[in-house]
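Dear colleague,

I am handing over the structure we spoke about, and I would ask you to keep it open beside this message while you read. What I found in it follows below.

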Amino acid sequence: MPHRAIAWLFPLLLAGAAAGAETPEALKLYVFDCGAIRFDDVASFGLSNQETPVRELFVPCYLIEHGSGDDVRRLLFDAGLPPDIAGQGEVEPEPGMRLAYARSLEDQLADLGLAPADVELVAFSHLHFDHVGSANLFAASTLLIQAPDFEAGFDDPDPRLFPMPLYAALKESPRVLLNGDHDVFGDGRVRLISAPGHTPGHQTLLLDLEETGPVLLSGDLYHFRESRALRRVPVFNSDADQTLASMTRIEALLEAEGATLWIEHDKALADTLRKAPAFYR
């Protein structure tokens, strides 16, 4: 074949190959401001007050959209502080702890034209009060939960750690009980990663975002940057050894995936993030 013919044909061959290639589904991550927690003392997190100046924790909720148009599927990861706190100013549930929550998750979803009924799947890093505040709104969604956390949270739970009234409506929800990592949409781009220790079935979420790159949402594997740097375990974790093993596993996964860790409660990080209705892709 003459050289000129090859030069003319080559772009067409490339175009045909691209057309035949499988296009990945669109993926979006929305970050919602679901409150703040302020502490006078951080000793219960395994840190001394001299080791970190941080006293305020950010409380996020996340919405992941997979696909587009009529084929979009949605996953809510973590549900923030209880909605009855929203708009109430600063609330002090116990000495040394203050809560604030400007606008409820439900109102923030409405900014996107969405209601809880539009969310097909829900998963929580764990069932502590600052991660399941609005959980009852999603009783019609399918719950993705590690089996040990379902058992700890629904079978005679310790009310100091598992505030069942905040998520009781999910007890009869459709659910998938997990025993390890889980590929949420089946294409490897949204994966629940088992990381027990903070609670028996604590889990994180790994996202493969096309423009932003891989991001891992920490749950409460770490609360502070110093928790990570010093490998400190909160005194209220269910299993310290399990927590340390999960830290080791997650750090190896971050390196293998080239992923960025978002410590969910890190206010300094949160202050730099785009909040919904903006999103990451």
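Let me begin with one residue that is easy to look up: Ala229 has a relative accessible area of 66%, above the cut-off of 50%, and is therefore exposed. This alanine belongs to helix H4, which covers residues 225-230, and if you take Ile145 as a second landmark, you will find that Ala229 and Ile145 are 84 residues apart in sequence and 28 Å apart in space, counted from C-alpha to C-alpha.

Please bear in mind that this is a predicted model. The average pLDDT of the chain is 93, and 92% of the residues score at least 70, whereas over residues 1-21 the pLDDT stays under 50, and for that stretch the model has two contacts beyond four places in sequence.

The sheet comes next. Eight strands form an open sheet with mixed pairing, and their order is E4-E5-E1-E2-E3-E6-E7-E8. Strand E4 (91-94) and strand E8 stand at the edges and have a single partner strand each, so one side of each is left without a neighbour in the sheet. Neighbouring strands are turned against each other by 25° on average, if direction is ignored. As an example of pairing, strand E6 (residues 121-123) and E7 run parallel and are joined by three bridges, and Leu121 has Thr142 in E7 as its bridge partner.

Helix H3 packs on this sheet, where it touches E7 and E8, and its direction makes about 100° with that of E7. Is this helix enclosed by the rest of the structure or not, and which of its residues are buried? Six of the eight residues of H3 (residues 147-154) are buried, so the helix is largely enclosed by the rest of the structure; the buried ones are Ala147, Asp149, Phe150, Ala152, Gly153 and Phe154. These buried residues pack against strand E7 (142-146) and strand E8 (175-178). After H3 comes Asp156, which has a positive phi, near 55°.

Searching the whole structure turns up one disulfide. Its partners are Cys34 and Cys61, whose sulfur atoms are 2.1 Å apart, and the pair links distant parts of the chain, since Cys34 lies in strand E1 (residues 27-39) and Cys61 in strand E2 (residues 56-66), 27 residues apart. Both cysteines, Cys34 and Cys61, are buried, and the link between them is left-handed, with -130° about the S-S bond.

Finally, there is the nonpolar interior to consider. In soluble globular proteins, nonpolar side chains tend to be buried together. The largest nonpolar core here has 41 residues, of which Phe32, Leu105, Val122, Phe124 and Leu127 touch the most other members. Two or more residues of this core come from each of E1, E2, strand E3 (73-79), strand E5 (97-100), helix H2 (105-110), E7 and H3, and the largest share, five residues, is given by E1. If you would like to follow one member through its surroundings, choose Leu105: leaving aside neighbours within four places in sequence, Leu105 is in contact with Phe32, Cys34, Cys61, Leu76, Ala79, Ser134 and Phe138, and two of these, Cys34 and Cys61, form the disulfide described above. Apart from this core lies another, of 24 residues, and among them are Val31, Ala123, Leu178 and Val184.

With kind regards

Notes
Residues numbered from 1 in each chain as written. Predicted model: local features only at pLDDT ≥ 70, side-chain atom pairs only at ≥ 80, totals over all residues. Heavy atoms only, no water. Buried < 20%, exposed > 50% of the residue type's maximum accessible area, 1.4 Å probe, protein only. Helix = DSSP H or I, 4+ residues; strand = E, 2+ residues; numbered from the N terminus. Contact = heavy atoms within 4.5 Å. pLDDT = per-residue confidence, 0-100. Disulfide = S-S within 2.5 Å. Core = buried A, V, L, I, M, F, W, Y, C linked by side-chain atoms within 4.5 Å. Pairing = 2+ DSSP bridges. Axes fitted to C-alpha atoms, helices over the stretch in contact; angles between N-to-C directions.
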